[in-house]
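The following exercises invite the reader to work through a protein structure step by step. Please study the sequence and the model before reading each solution.

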Amino acid sequence: MTRFTREELQAARDRLVPDVVADGLRVLFCGINPGLMTAATGHHFARPGNRFWPALHRSGFTAVPLHPSEQRELLSYGLGITNVVARATARADELSAEEYREGGRLLAAKVARLRPRWLAVLGVTAYRAAFDDRKAQVGPQARTIGGTRVWVLPNPSGLNAHWTPAALAEEFGRLREAAARE
């Protein structure tokens with residue numbers, strides 16, 4: 001794994017990381033915003049402590065464990081990745097309420113254009129802020145965007161320690177099962 005200096009990581013601040021998307025995906029996963037490691041590498045969920053990639057595999061979405069550098073392989077599974085807010089920061093709490101709201105508007109337009117079957121927002125706090133839904137909980141939502149169903153997953157960051165790797169994989173698996181039925 002490439003090691004970055006503090007200066008190199010700080011230089012990645014505000015960078016944009018390209019989405020991994022295609023029309024008609026089974027599930028479009030949506031992070032809060034890129035972290036500095038993601039922006040430095042150009043690979044989503046690249047921070048070593050992030051549990052997105054292990055949860056994706058343990059839940060059965062992928063046949064083999066994928067490394068962030070293999071993110072384009074997601075497309076072969078009908079999966080993709082985007083973010084609520086495009087710009088990279090060290091922490092999500094650096095984002096303003098307006099950035100979340102604008103991110104929600106842009107995300108809704110992206111989903112309407114790409115038409116995935118499911119949008120999976122990774123983080124209930126981000127979902128609440130982006131879509132002004134203060135009562136949202138982890139799981140399927142009543143909201144749809146066009147024909148796209150919405151599911152809120154726990155944030156896979158290692159900082160979200162009350163969601164264990166097994167519990168994350170179980171919640172990801174609930175979405176996988178729902179997506180397989182449709």
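Four exercises follow, each with a worked solution.

The structure is a predicted model, in which local features need pLDDT of at least 70 and side-chain atom pairs count only at pLDDT 80 or more, while totals for chains, interfaces and linings use all residues. Residues are numbered from 1 along each chain as its sequence is written, and side-chain values use heavy atoms, with hydrogens and water left out.

**Exercise 1. The sheet**

Determine the order of the strands in the open sheet and identify its edge strands.

Solution. Begin with the elements: helices (H or I, at least four residues) and strands (E, at least two) are DSSP runs, numbered from the N terminus. Two strands pair if DSSP finds at least two bridges between them.

Step 1. The open sheet has five strands in the order 2-1-3-5-4, and its pairing is mixed. Strand 2 (79–83) and strand 4 (139–145) are the edge strands, each pairing on one side only. On average, neighbouring strands of this sheet are turned by 25° against each other, direction ignored; axes here are lines fitted to C-alpha atoms, for helices over the stretch in contact, and angles run from 0 to 180 degrees between N-to-C directions.

Step 2. Follow the pairs in that order. Strand 1 (residues 27–31) runs parallel to strand 2, with five bridges joining them. Strand 1 also pairs with strand 3 in the parallel sense, over four bridges. F29 has I81 as its bridge partner in strand 2 and A120 as its bridge partner in strand 3. C30 stands opposite T82 of strand 2.

Step 3. Strand 3 and strand 5 run parallel and are joined by five bridges, with W118 opposite R149 in strand 5. The pairing of strand 4 with strand 5 is antiparallel, over four bridges. These two strands form a hairpin with two residues between them, and G146 in the turn has a positive phi of about 60°. I145 stands opposite T148 in strand 5.

Step 4. Add the helix. Helix 6 (residues 165–181) lies across strand 1, strand 3, strand 4 and strand 5 (148–153), running at about 165° to strand 5.

**Exercise 2. Burial in two strands**

Which residues of strand 2 and strand 3 point one way, and which the other way?

Solution. Step 1. Fix the terms: buried means under 20% relative accessible area, exposed over 50%, and partly exposed in between (1.4 Å probe, protein chains only).

Step 2. In a regular strand the side chains alternate between the two faces of the sheet.

Step 3. From strand 2, L79, I81 and N83 point one way and G80 and T82 the other, all of them buried. From strand 3 (118–122), W118, A120 and L122 point one way, whereas L119 and V121 point the other way, and all are buried. Strand 3 is largely enclosed by the rest of the structure, because five of its five residues are buried.

**Exercise 3. Positive phi outside glycine**

Compare the settings of F45 and R115: is each buried or exposed?

Solution. Step 1. Most residues other than glycine have a negative phi, and most peptide bonds are trans.

Step 2. F45 has a positive phi near 55° and is found in the loop between helix 2 and helix 3 (52–58). F45 counts as buried because its relative accessibility is 14%. Leaving aside residues up to four places away in sequence, F45 touches G31, T38, N50, F52, W53, P68, I81, L122 and P156, where contact means heavy atoms within 4.5 Å.

Step 3. Phi of R115 is also positive, near 55°. R115 lies in the loop between helix 4 (97–114) and strand 3. With a relative accessible area of 52%, R115 is exposed.

**Exercise 4. The largest pocket**

What is the volume of the largest pocket, and which residues lie nearest its centre?

Solution. Step 1. On a 1 Å grid over the protein atoms alone, a pocket is an open set of points where a 1.4 Å probe fits, with protein on both sides within 12 Å along at least five of seven lines; lining residues have an atom within 4 Å of a point. Grid points are joined across faces, edges and corners, and a volume is the space filled by probe spheres set on the points.

Step 2. The largest pocket has a volume of about 1000 Å³. Its lining comprises 39 residues, of which A90, A92, N155, S157 and L159 lie nearest the centre. Helix 1 (6–11), helix 2 (36–41) and helix 5 (124–131) are the elements giving two or more residues to this lining.
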